[in-house]
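Biologist: I'm new to this one. Could you walk me through how to read its pockets and surface?

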Amino acid sequence: MSRTSNRNDLSARLRSRMETERRQIEAATTSEVRQLGANLRAVVSDELRTIEADTGATVARVRWMLLNAWLRPLVAGLILFVGISGGSWGLMHWLSVSIQSQIETLAVLEVRIDQARETLAEIEDTTWGVTLRELDGERFVVLPDGTLANPPWTVGGRPALKLLSE
C-alpha cells in the first residue's frame with residue numbers, strides 16, 4: 001500500500017509541478033508581452049512624432065507601415081508561443097500517462113511474481129524434495145538424500161530412479 005501512496009504522491013507532485021511551471025511560463029509570457037507592447041508603443045510614438053514633424057502629408061501611410069511591420073512578427077511570435085506551449089503540454093501529458101501506465105504494470109508484475117513464489121514454495125513443500133530430471137534423453141525421479149541405501153543411479157549426488165521411456 002505504501003507504493004500506491006508514493007505513486008499517488010508522485011502524480012500529485014508531477015501535476016503540481018506542471019501547474020507551477022505553467023503559471024510561471026504564463027506570468028513570464030504576460031510580462032514579456034506587456035513589455036513588448038510598451039516598447040512597441042514607445043517606438044511607434046517616437047517615430048510618429050518624427051514623421052509628422054518632417055512630413056505631415058504621409059502620416060497615415062507611415063502609421064500603417066509601422067503597424068504592419070510590427071504586427072506580423074508579433075502574430076507569428078504568438079502563434080509560435082501557442083504552438084510550443086501546446087506541444088509541451090501534450091508531451092508532458094503523454095509522458096505522465098505513460099509513466100503512470102508503467103507504474104501500474106510494474107505493480108501487477110510484482111503481484112504476479114509474489115504469487116508465483118508462493119506457488120513454488122507450496123509445490124516444494126508438497127513434493128518432499130522429489131524432483132524430475134532429464135539427462136541425455138533419459139528421465140529420472142530424483143529422491144531426497146538418504147532415501148535409498150544403495151541407489152542404482154545418482155543425479156547430482158542424490159539417489160535417483162530411472163524411468164522407462166516409451
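Modeller: Sure, pockets to begin with. Rolling a probe the size of a water molecule over the atoms shows where empty space is left. A pocket is an open set of points on a 1 Å grid over the protein atoms alone, where a 1.4 Å probe fits, with protein on both sides within 12 Å along at least five of seven lines; lining residues have an atom within 4 Å of a point. Points are joined across faces, edges and corners, and the volume is the space filled by probe spheres set on them. Here, the largest pocket has a volume of about 590 Å³. Of its 23 lining residues, Met18, Glu19, Trp89, Met92 and His93 are the closest to the centre.

Modeller: Two cautions: this is a predicted model, where local features need pLDDT of at least 70, side-chain atom pairs count only at pLDDT 80 or more, and totals for chains, interfaces and linings use all residues. Residues are numbered from 1 along each chain as its sequence is written, and side-chain values use heavy atoms, leaving out hydrogens and water.

Biologist: Which element gives the most to the lining of the largest pocket?

Modeller: Helices are DSSP runs (H or I, at least four residues), numbered from the N terminus. Helix 2 leads, with 13 residues in that lining.

Biologist: And Leu95, is it buried or exposed?

Modeller: Buried is under 20% relative accessible area, exposed over 50%, partly exposed in between (1.4 Å probe, protein chains only). Leu95 sits in helix 2 and is partly exposed, at 34%. Leu78, also placed in helix 2, is partly exposed at 38%. Leu78 and Leu10 lie 68 residues apart in sequence and 33 Å apart in space, C-alpha to C-alpha.

Key: Helices (H or I, at least four residues) and strands (E, at least two) are DSSP runs, numbered from the N terminus.
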